[in-house]
Amino acid sequence: MPHGHDIRVADLHLALGEHPRMPVLDGVDFVARVGEATAIIGPSGCGKSTLLDVLAGLAPPDSGHADPGGPVALMPQGDALMPWLTLRENVAMGARLAGDPAGEAGDRADGAIALLGLTGFGDHYPHALSGGMRQRAALARTLLAGRATWLLDEPFGALDALTRVEMHDVLRGLRRAGQPTILLVTHDVAEAVALCERILVAGPRPMRIVDDIRVGAGDPADVAAAVLASLRQAGALA
Ligand SMILES: Nc1ncnc2c1ncn2[C@@H]1O[C@H](COP(=O)(O)OP(=O)(O)O)[C@@H](O)[C@H]1O
Ligand SMILES: [Mg+2]
C-alpha cells in the first residue's frame, strides 16, 4: 500500500509580478490520487513550476487551496545541484534535510548512488558529470528525502532521447520499490504516457486544467492524440 495522501488543489489563484500583476494560476482544480503518477502537461510559461512551488509551500496562493497531503520532495526544474558539493554530498543533502545525522546520510547516499548507477562518481563535482548523471543525482537526492509525495518539475527535460528513456526505466524501478505519489510536470507527451496513469492538460497562462485523461491499457498513440487535441483546443498549440 502506498503511504501518504491524495494531492488536493481547489480553485487555486495566484498572480505574480508588480505593475502589472499578472495572473498565473486562474482556478486550478484537481485531485491527484495517492500512489499514482499524475502528469501535468502544458505549454511553456503556463504556470507549471509556479503550481509546484505553491504545492511545496514556497509561494503562498492568493486564494484557493493547495494541499500536498503531507511533506513533499520537490525536484526543481534543472538539476539544482550545489556546484560546490560533490555528487555524494549533494545526494546526502536529501537525507540531511530529512533529519538524518551526517554519517548515516553519507551511507544512505552511497546506497542511492549505487541504485541509480552512479557508483564511482561520488567524489566528482556536478560540472564534471554529464547531464544524465546530474539528473540521476537529483533523483537520488529526491529519493533520500524520504517523502511519500514527489513533485518532479521536468525532471528529464535536459536529456538526450536515449538517456531519457533510460531514466524512465530508473523512475519505474523507484516507483515499484517505494510507491510514491508523483506529480510530474513535463511538456513531453510521450513521457507522460510512458510514466503516468493520468494526464492533466493545462491551457496557456493563466493556468487552468482543461482536460483529465486516463492512460489505460489502450494504444499509447490514442492517448497522445487526445492530449494534443486538448492542447490545440485550449490554444496552446499553433
Ligand atoms: N517571481 C515571478 N514574478 C513575475 N512573474 C513570474 C515569476 N515567476 C514566474 N513568472 C511568470 O509566470 C509565468 C509562469 O511561469 P512558470 O510557472 O515558470 O511556467 P512553466 O513552468 O509552465 O514554464 C511565466 O510567464 C513567468 O514569466
Ligand atoms: Mg517550469
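**Exercise 1. State how strand 3 (residues 37-41) and strand 7 (residues 181-186) pair, and place the pair in its sheet.**

Strand 3 and strand 7 pair in the parallel sense over 5 bridges. Two strands count as paired if DSSP finds at least two bridges between them. Strands here are DSSP runs of E, at least two residues long; helices are runs of H or I, at least four long; both are numbered from the N terminus. Within this pair, Ala37 stands opposite Ile182 of strand 7.

Next, the sheet. It is open, has 6 strands in the order 5-6-7-3-8-9, and its pairing is mixed. Strand 5 (72-75) and strand 9 (209-214) are the edge strands, each pairing on one side only. On average, neighbouring strands are turned by 15° against each other, direction ignored.

A note on the model and its numbering. The model is predicted: local features need pLDDT of at least 70, side-chain atom pairs count only at pLDDT 80 or more, and totals for chains, interfaces and linings use all residues. Residues are numbered from 1 along each chain as its sequence is written, while chains are lettered from A and ligands numbered from 1 in the order in which they are written.

**Exercise 2. Describe the sheet with the order 2-1-4 and explain what is left open at its edges.**

This open sheet has 3 strands, and the pairing is antiparallel. Strand 2 (22-32) and strand 4 (63-67) are at the edges with a single partner strand each, so one side of each has no neighbour in the sheet. Neighbouring strands are turned by 25° against each other on average, direction ignored.

Now the pairing in detail. Strand 1 (residues 7-16) runs antiparallel to strand 4, joined by 4 bridges. Arg8 has Asp67 of strand 4 as its bridge partner.

**Exercise 3. Locate helix 1 (residues 48-55) relative to the strands it lies across.**

Helix 1 lies across strand 1, strand 2 and strand 4, at about 115° to strand 1. Helix 1 also lies across strands 3, 5, 6, 7 and 8 (198-202), at about 155° to strand 6. Axes are lines fitted to C-alpha atoms, for helices over the stretch in contact, and angles run from 0 to 180 degrees between N-to-C directions.

**Exercise 4. Analyse the packing of helix 2 (residues 87-97) against helix 3 (residues 102-115).**

The two axes come within 8 Å and cross at roughly 115°. The crossing is right-handed (the near helix is turned clockwise from the far one by less than a right angle). Helix 2 contributes Arg88, Val91, Ala92, Ala95 and Arg96; helix 3 contributes Ala105, Gly106, Arg108, Ala109, Ala112 and Ile113. Contact requires C-beta atoms, placed from the backbone, within 7 Å.

**Exercise 5. Is Ala148 buried or exposed, and which residues distant in sequence does it contact?**

Ala148 sits in the loop between helix 4 (131-144) and strand 6 (149-153). Ala148 counts as buried because it has 20 C-beta neighbours inside 10 Å. The cut-off for buried is 20 or more other C-beta atoms within 10 Å; exposed is 12 or fewer, and partly exposed lies in between. Beyond its neighbours within four places in sequence, Ala148 contacts Pro2, His3, Gly4, Gly70, Pro180 and Thr181. His3 is 145 residues away in sequence, yet 5.8 Å away, C-alpha to C-alpha.

**Exercise 6. Summarise the chain as a whole.**

The chain holds 7 helices and 9 strands. Its radius of gyration, over C-alpha atoms, is 18 Å, close to the 18 Å of the globule rule (2.2 Å times the number of residues to the power 0.38) for 238 residues, so the chain is as compact as a globular protein of that length. Buried residues make up 42% of the 238.

Note on methods. Contact = placed C-beta atoms within 7 Å.
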